[in-house]
Every structure is written in structure tokens, then in C-alpha cells.
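Visitor: Could you take me in for a close look at the ligand site, and then at the sheet in the same model? I'd like one connected tour.

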Amino acid sequence: MPSPLQLKFVLSAPSVGQLPETPGEVAFVGRSNVGKSSLINSLANRKQLALVSNTPGRTQLINLFVLPSGATVVDLPGYGYAAVPGRIKQGWGAMIEGYLLDREDLEQTFILVDGEIGPTKLDLQMLDWSRANGIPHTIVATKMDKVRSAKRPTRKKELAAACQLETGDIVWVSSSTGVGIDDLRSLVLSHLTAGRH
Ligand code: GDP
């Protein structure tokens, strides 16, 4: 079993230009309430690590965490109602677009989708935009414990189809039960150790 990611909070930045160079980075992005903070806490096996990203004043910033190797994990602000890359050119949209397009150390983006409700319109816009711009990404379906086990195979097929993917392309997790967390942790580490740098 992979050990927890030993993440340490480094800083919150308003734009990509303020981030330090790192030997490799992965980023988590998703709409508000998708379960991003809970997931980062689960990966780190810490209860309140990502709370820092949910503190007022930091929710609109790029939050950077570091591993003992120096590789980094970014918690991007959750996207809200109309604000998703490709749609809003200022504020939030500009910050996220700038980060995703210009961050040289970025190895992989994890786009979170609520496993119970499936991809929203904004999630699909985020996905289309990432595809169109060649941003490397993996879909992570959260809160899988909320889907009854008898319904899970169908739900997985539907969610994957909505994203134009196969079920095996998606990482299925639950921060509540821990299902899929070890797999995701291994995947995160594989991107960080197989980096270009
Ligand atoms: P964020 O806004 O994306 O950071 O989302 P949070 O991590 O704060 O979670 C939003 C809500 O979903 C909270 O009430 C969490 O307790 C709940 N939640 C997060 N992950 C899970 C999960 O795996 N299972 C269930 N049942 N609820 C979850």
C-alpha cells in the first residue's frame, strides 16, 4: 500500500507567475463542492490539510503543496457557476487558463467530477477546453460511496460515456470509504516521478 502523500502547504498565489519552479507538478481542479479538499486530505491522510485552500481569501488562489522530493501538488480554486476556462477571460478564468497553459512544470491535471451526479455542463466545458488545448488530464469521479453498489456499473458507464471515455480511463474514488484512494495516490506519484525534469 503506498504511504500517504507527505504534503506540506507552501503558499497561495494569485497567478502562475508567482509560483516557484519545481521538479514536477500535478494539479487538482473541479467545481466547488465536488469533494476536492476531502480528496487532497485523503491522499495526504490528513484531516485538515486542504482546509487551508478553503479558508476565506484563499479559495480564489492557486494553493501549492510540496512533497519531500520537492515535487508539488496544486489545488486550483473550485469553479463556480459561469466561470470555467474558455468562457471567462478575466479573474478566475484568466488565472486558471494562465496556470494550465503556462505552467511548465505541470505533468498532469486531475479533473474532478461528482460520481453521483455525473459531469455537469461546466465539467464538460472544462474537459473540452483541456482537450482542445492539449492539457494532459485524468478524470477522477468522486463520492462513489453515494452510488448504490447495484447501480455502480451502470453509473460508471454513463459517466464515462458522457465524458467520451471508457470506464477504465476514469479513476473512481470515495474519500469517505477510501475506495480508489491508493490507486489515485500511485497515479499521482507516477506522474511526479516520471516527469520531464
Ligand atoms: P470542495 O469544495 O471541492 O473542496 O469539496 P469538499 O471536499 O469540501 O466536499 C464538499 C462536500 O462533499 C462536503 O460536505 C464533504 O463532506 C462531501 N464529500 C466529499 N467527499 C465525499 C465522499 O467521498 N463521499 C461523500 N459521501 N461525501 C463527500
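Guide: Here is a walk through the ligand's surroundings, followed by the sheet. Keep in mind that this is a predicted model.

Let's begin with the shell. The ligand is surrounded by 14 residues, and the closest of them are Asn 33, Lys 36, Ser 37, Ser 38 and Asp 145. By character, the shell splits into nine polar residues, four charged and one nonpolar. Helix α1, spanning residues 36-44, supplies the largest share of that shell, with three residues.

Now for the polar contacts. Ser 38 puts a polar side-chain atom 2.6 Å from an oxygen atom of the ligand. Gly 35 uses its backbone instead: an N or O atom there lies 3.0 Å from a ligand oxygen. Over at Ser 176, a polar side-chain atom sits 2.8 Å from a nitrogen atom of the ligand. As for cover, the ligand taken alone exposes 580 Å², and the protein buries 70% of that.

On to the sheet. Seven strands make up an open sheet with mixed pairing, running in the order β1-β3-β4-β2-β5-β6-β7. At the edges stand β1 (8-13) and β7 (171-172); each has a single partner strand, so one side of each is left without a neighbour in the sheet. Elsewhere in the sheet, β2 (residues 25-29) and β4 (residues 72-75) run parallel and are joined by four bridges. Within that pair, Ala 27 stands opposite Val 74 of β4. Helix α4 (residues 121-132) packs on the sheet, where it touches β2, β5 (106-114) and β6 (137-142). The direction of α4 makes about 160 degrees with that of β5.

How values were computed:
Residues are numbered from 1 along each chain as its sequence is written. This is a predicted model: local features need pLDDT of at least 70, side-chain atom pairs count only at pLDDT 80 or more; totals for chains, interfaces and linings use all residues. Side-chain values use heavy atoms; hydrogens and water are left out. Two strands pair if DSSP finds at least two bridges between them. Helices (H or I, at least four residues) and strands (E, at least two) are DSSP runs, numbered from the N terminus. Contact means heavy atoms within 4.5 Å. Axes are lines fitted to C-alpha atoms, for helices over the stretch in contact, and angles run from 0 to 180 degrees between N-to-C directions. A residue is near a molecule or strand if one of its heavy atoms lies within 4 Å of it. A polar contact is a pair of N or O atoms within 3.5 Å; within protein, one must be able to donate a hydrogen and the other to accept it, and residues adjacent in sequence count only if both atoms are side-chain atoms. Accessible areas come from the Shrake-Rupley method with a 1.4 Å probe; for residues, only the protein chains shown count as cover. Ala, Val, Leu, Ile, Met, Phe, Trp, Tyr, Cys and Pro count as nonpolar, Asp, Glu, Lys and Arg as charged, and the others, Gly among them, as polar.
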